[in-house]
Amino acid sequence: MKSSFTKNTLITSCILAALSTTAHAEESAANHSDTQPPKTETETLFNFYGELGLGGHVALEGDDKGRYADGTYIEAGLAIEHGNWFGLAYMEGWTVQADDEGNAWATGHGWGGFEGGFNRFYAGYRTDNKTEFMIGRMDSSLDDVQWWGDPTVEYGYAISNTRDVHLGVKIQNLEGKLRYSVSFAPESDFSEDDALVHFGKYDNFADQWKDKNAMVNGYLQYDLTDDLTLMGGGEVRNNDGGELLLLGAEYKNFATRIWHDTDKGNQESFGSESGIQTSAWYEAAQGVYLSAAYNYANFDGDNGDKEITSYINAGVWYEYGNGTFATAFDSRFGVGSDTEIGDAQVFAMQYFYW
């Protein structure tokens with residue numbers, strides 16, 4: 001049965017939240033005195049930042065037991081602010097493994113190349129009451145909370161919302177007890193053939209925007225108490241792309257989220273999916289965080305196939321050097337009626353931030 005969540009419901013909820021926030025915002029008092037003229041924000045601020053990750057995955061059993069799958073990556077961006085205006089240009093890239101015959105993403109073989117490009121390239125305006133208007137290549141609103149309620153290092157389940165958009169508009173306010181974000185994107189056919197920069201024959205980075213439905217997604221978050229946060233979000237897609245509904249709650253160091261996607265996929269119908277994730281984390285020592293989660297998803301394919309994803313992942317995150325370095329470990333084991341996870345895996349990564 002189709003979800004009752006509709007495009008009008010999502011747009012109306014987010015617009016009402018935006019209008020409510022704006023209507024109740026207080027005006028800031030002018031900063032001036034009788035002997036000193038008012039100050040204006042004319043300084044342009046630049047912030048260059050990024051991260052490097054060295055490591056990857058190793059299978060613990062099965063045909064690929066002991067074989068290494070590289071996850072090394074690098075990303076960096078330049079953020080600019082001038083008064084109420086802001087913008088970001090952010091690039092990312094990662095290595096591609098290949099075997100002796102040139103087949104890409106061949107686990108356990110040598111380094112074959114690199115792929116990457118601009119993941120985010122947008123400009124925006126922030127009002128005095130912290131409402132932001134953004135346009136350009138960016139993460140969708142639901143992508144911003146892709147890992148909300150999931151403190152685990154690597155193997156948390158990725159729900160089927162639209163992530164990056166080639167060209168989109170976003171309106172959000174992330175201040176206060178009630179926070180919201182809504183994003184809109186037209187249909188996209190941007191592909192690697194349209195990219196201005198290429199990193200060789202294995203570079204298919206830009207194909208992530210190829211054949212994407214027009215969509216609108218967003219979420220609301222509300223702090224019911226200092227320790228309890230509720231979250232609700234959704235996405236609707238044109239061309240019979242279906243609808244996604246997401247609900248979650250976070251209490252201190254525990255979180256649960258559930259979702260239902262009436263038509264998992266984009267442009268082409270694949271089937272519906274329902275799922276749940278519950279997680280917990282604990283700071284064992286300064287900078288040392290333990291985390292674990294149970295992930296379950298039931299996929300009902302249009303062709304009658306049924307897939308069940310059921311697994312536990314648990315790991316540790318160790319941050320040090322005033323946040324400059326982090327060492328991470330995660331593990332994943334299929335449990336119960338799982339048909340998709342297969343062989344157990346471990347993940348290890350060394351991070352460097354600047």
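K252 lies in the loop between β11 (243-251) and β12 (254-264). Strands here are DSSP runs of E, at least two residues long, numbered from the N terminus. This is a predicted model, in which local features need pLDDT of at least 70, side-chain atom pairs count only at pLDDT 80 or more, and totals for chains, interfaces and linings use all residues. Residues are numbered from 1 along each chain as its sequence is written, and side-chain values use heavy atoms, with hydrogens and water left out.

**Positive phi in two loops**

Most residues other than glycine have a negative phi. K252 has a positive one, near 50 degrees. K252 is partly exposed, at 46% relative accessible area. Here buried means under 20%, exposed over 50%, and partly exposed in between (1.4 Å probe, protein chains only). W105 also has a positive phi, near 60 degrees. Its place is the loop between β4 (85-98) and β5 (110-126). W105 is partly exposed at 48%.

**Inside the fold**

The largest nonpolar core has 13 residues. Such a core is a set of buried Ala, Val, Leu, Ile, Met, Phe, Trp, Tyr and Cys residues joined through side-chain atoms within 4.5 Å. L142, L246 and W259 have the most contacts inside the core. A contact means heavy atoms within 4.5 Å. Beyond four places away in sequence, L142 touches residues including N161, Y219 and L246.

How buried or exposed is S183? S183 is buried, at 3% relative accessible area. It sits in strand β8 (residues 178-185). Its side chain makes a polar contact with the side chain of N217, at 2.6 Å. A polar contact is a pair of N or O atoms within 3.5 Å; within protein, one must be able to donate a hydrogen and the other to accept it, and residues adjacent in sequence count only if both atoms are side-chain atoms. A polar atom of the S183 side chain also lies 3.0 Å from the backbone nitrogen of S141.

**Rings**

The structure holds 17 aromatic pairs. Rings of Phe, Tyr and Trp (its six-membered ring) pair if their centres lie within 6.5 Å; planes under 30 degrees apart are stacked, over 60 edge-to-face, and the rest tilted. F325 and F352 form a tilted pair, 5.5 Å centre to centre, with 45 degrees between the planes. Both belong to one aromatic cluster with F48, Y318, Y320 and W354.

Charges also sit over rings: NZ of Lys or CZ of Arg must be within 6 Å of the ring centre and within 35 degrees of the ring normal.

| Charged end | Ring | Distance to ring centre |
|---|---|---|
| R120 | Y90 | 4.3 Å |
| R126 | F86 | 4.5 Å |

Technical notes: Helices (H or I, at least four residues) and strands (E, at least two) are DSSP runs, numbered from the N terminus.
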